[in-house]
Amino acid sequence: MNLIDIPITILRFQYKLVRIPLDLFENNVVRSMNAEAPARLVYERTVGTLDQKVGAILGDKSVQQRGAEQVHHADELARAQRLEAQADAKEAEAAQKLKASRETAEKERKAAADAAKEATEKARVEAEERKRQAAQEAEEKAAADKKKADDAAAARAAAARNAEKKQKERIDKVERSVAAPAEAELADAAEHQEDAEDKKAEAARIEKLFLAEKESDS
């Protein structure tokens with residue numbers, strides 16, 4: 001051992017003494033913490049960095065390696081935490097987007113349902129209106145057809161009465177024209193019968209006078 005190695009050996013010994021309370025604190029306090037607790041990560045990174053620097057100064061590869069591993073472990077946990085936080089944030093964002101999408105879809109579905117309901121109601125009202133108009137038009141057409149039929153029937157009845165009247169007038173005229181000669185013949189016959197009666201009475205009177213004269217001559 002040369003003179004240069006003596007101070008380094010002393011420093012190594014002193015650092016081991018300094019590390020004793022740190023080791024006690026680490027074993028009793030730090031290791032009881034959650035492995036991902038921020039305070040534990042800060043402690044491990046700080047102590048690991050200290051071990052790295054002291055190990056490099058003292059030329060103690062084991063201390064330097066231990067510090068590097070502790071820093072790396074703390075960094076990896078911190079990185080994992082950041083990634084997990086990012087993942088949680090993305091998951092939360094995705095959940096928020098999904099929620100917003102579902103709310104939008106629900107609003108659109110409700111709007112579509114309301115629109116469909118409104119369109120159905122409008123179609124029902126329009127159908128009822130068309131039905132009412134059709135019934136009214138049918139009623140008006142039936143009334144018009146009935147009036148037309150009644151007018152036609154009245155016209156036919158009037159024409160029939162007129163034709164019957166004319167026919168009766170023609171029959172009466174024919175009957176009168178036929179009855180006139182017969183009445184004249186009857187009048188002649190009555191006149192001839194009256195003459196015959198007169199002649200018969202005259203003949204009876206003459207016969208009576210003849211008989212009376214004959215009796216007086218006797």
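**Exercise 1. Work out whether glutamate 93 is buried, partly exposed or exposed in this predicted model, then look at its salt-bridge partner.**

Step 1. Start with the relative accessibility of glutamate 93, which is 44%.

Step 2. Buried means under 20% and exposed means over 50%, so at 44% glutamate 93 counts as partly exposed.

Step 3. Now for the partner: the side chain of glutamate 93 meets that of lysine 97 in a salt bridge, at 3.4 Å from N to O.

Step 4. Place the pair on the fold. Both glutamate 93 and lysine 97 sit in helix H3 (residues 61-217), four residues apart, or about one turn of the helix. An α-helix has 3.6 residues a turn, so residues three or four places apart point the same way.

**Exercise 2. Take the salt bridge between aspartate 150 and lysine 146 and describe its spacing and its exposure.**

Step 1. The closest N and O atoms of the two residues are 3.0 Å apart.

Step 2. Along helix H3, aspartate 150 and lysine 146 are separated by about one helical turn, because they are four residues apart.

Step 3. Check each side for cover. Aspartate 150 has a relative accessible area of 38%, so it is partly exposed. Lysine 146 comes out at 52%, which makes it exposed.

**Exercise 3. Do the same for glutamate 202 and arginine 205.**

Step 1. Their side chains meet in a salt bridge with an N to O distance of 2.2 Å.

Step 2. These two are three residues apart in helix H3, so about one helical turn separates them.

Step 3. Glutamate 202 is partly exposed at 36%, and arginine 205 is partly exposed at 43%.

Step 4. To put the pair in context, a search of the whole structure turns up ten salt bridges.

**Exercise 4. Test whether the length of helix H2 (residues 38-58) agrees with its residue count.**

Step 1. H2 has 21 residues, and the rise is 1.5 Å a residue.

Step 2. The expected span uses one less than the number of residues, so H2 should span 30 Å.

Step 3. The end C-alpha atoms of H2 are 30 Å apart, which agrees.

Step 4. Look just past the end: glycine 59 follows H2 and takes a positive phi of about 70°.

**Exercise 5. Find which residues of H2 are buried, then zoom out to the chain.**

Step 1. Among the buried residues of H2 are Leu41, Tyr43, Val47, Val54 and Leu58. The list also includes Arg40, Glu44 and Asp51.

Step 2. Over the 218 residues of the protein chain, 11% count as buried.

Step 3. For the fold, the chain has three helices and zero strands, in the pattern α-α-α.

Note on methods
Residues are numbered from 1 along each chain as its sequence is written. This is a predicted model: local features need pLDDT of at least 70, side-chain atom pairs count only at pLDDT 80 or more; totals for chains, interfaces and linings use all residues. Side-chain values use heavy atoms; hydrogens and water are left out. Buried means under 20% relative accessible area, exposed over 50%, partly exposed in between (1.4 Å probe, protein chains only). A salt bridge is a side-chain nitrogen of Lys or Arg within 4 Å of a carboxyl oxygen of Asp or Glu.
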